[in-house]
Amino acid sequence: MLINPNLYEGDRKIIAEPKDMTMARYIGDLTKLIAGETYTFSCKMKQIPGEGREIDNFVHIVQGHNERYKSYGAYQVKSIEDGFLTFTFTYIAEANSILCYTALSSKTNNMGAEWSEIEIVEGENRNPIFVPSEKTLETAKRQYFIGGGVRSKRYSQSLKFPRQSSYRKEVAA
């Protein structure tokens, strides 16, 4: 099973309450992505209906806006299937964010949403399981490799560390 690294480095959870005036949220800073490459944005998404509203499980999602609200890239209607939202796009340098509405852009009044387990990965498919961004993990939980690998010398004869491998001495030190 191929797991792509999560390139999203923003907040773990984003919430828009139904009473909020702005019913869309910017998801992440995409400036580290490569123009022309294909990426997939995915997250758990739950609509939060205000009084008199019902969940419809449809949202608008846009690859970036500029300061005059001109859209770049894809502007699509997506459905929230089994609580997941997935959006595949080809990155355009001017579109340095994803804008996700709480519902269809014309029907966001009194509709909130919660986005969690946010991922941006290379390619056209989301990971089968959520993988947090390495940059958001504390150092002790990151995967790392010791430079140079394992020593081939089996045992070192030392008075201080009798019959212990030299590799273990380096790690213990």
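Visitor: Which residues does tryptophan 115 touch, not counting residues up to four places away in sequence?
Guide: Keep in mind that this is a predicted model. Contact here means heavy atoms within 4.5 Å. Leaving out residues up to four places away in sequence, tryptophan 115 touches Arg12, Lys13, Ile14, Ala16, Arg25, Ile27, Cys43, Lys44, Met45, Cys100, Tyr101 and Thr102.

Visitor: Okay, and which residues have the most contacts inside the largest nonpolar core?
Guide: That core has 23 residues. Several strands feed into it, with E1, E3, E4, E6, E7 and E8 each supplying at least two residues. The ones with the most contacts inside are Ile27, Phe41, Met45, Phe89 and Trp115.

Visitor: Are phenylalanine 87 and phenylalanine 89 stacked, edge-to-face or tilted?
Guide: We describe a pair of aromatic rings by the distance of the centres and the angle of the planes. For phenylalanine 87 and phenylalanine 89, the centres are 5.5 Å apart and the planes sit at 20°. Planes under 30 degrees apart count as stacked, so this pair is stacked.

Visitor: Is phenylalanine 89 buried or exposed?
Guide: The cut-off for buried is under 20% relative accessible area. Phenylalanine 89 comes in at 3%, so the verdict is buried.

Visitor: Which residues form the aromatic cluster?
Guide: By the ring-pair rule, there are two aromatic pairs. One of them is the stacked pair of phenylalanine 87 and phenylalanine 89. The cluster is made of Tyr39, Phe87 and Phe89.

Visitor: What pattern does the protein follow along the sequence?
Guide: There are one helix and eight strands to place. Read along the sequence, they give β-β-β-β-β-β-β-β-α.

Technical notes. Residues numbered from 1 in each chain as written. Predicted model: local features only at pLDDT ≥ 70, side-chain atom pairs only at ≥ 80, totals over all residues. Heavy atoms only, no water. Core = buried A, V, L, I, M, F, W, Y, C linked by side-chain atoms within 4.5 Å. Buried < 20%, exposed > 50% of the residue type's maximum accessible area, 1.4 Å probe, protein only. Helix = DSSP H or I, 4+ residues; strand = E, 2+ residues; numbered from the N terminus. Phe/Tyr/Trp six-rings, centres within 6.5 Å; stacked < 30°, edge-to-face > 60°.
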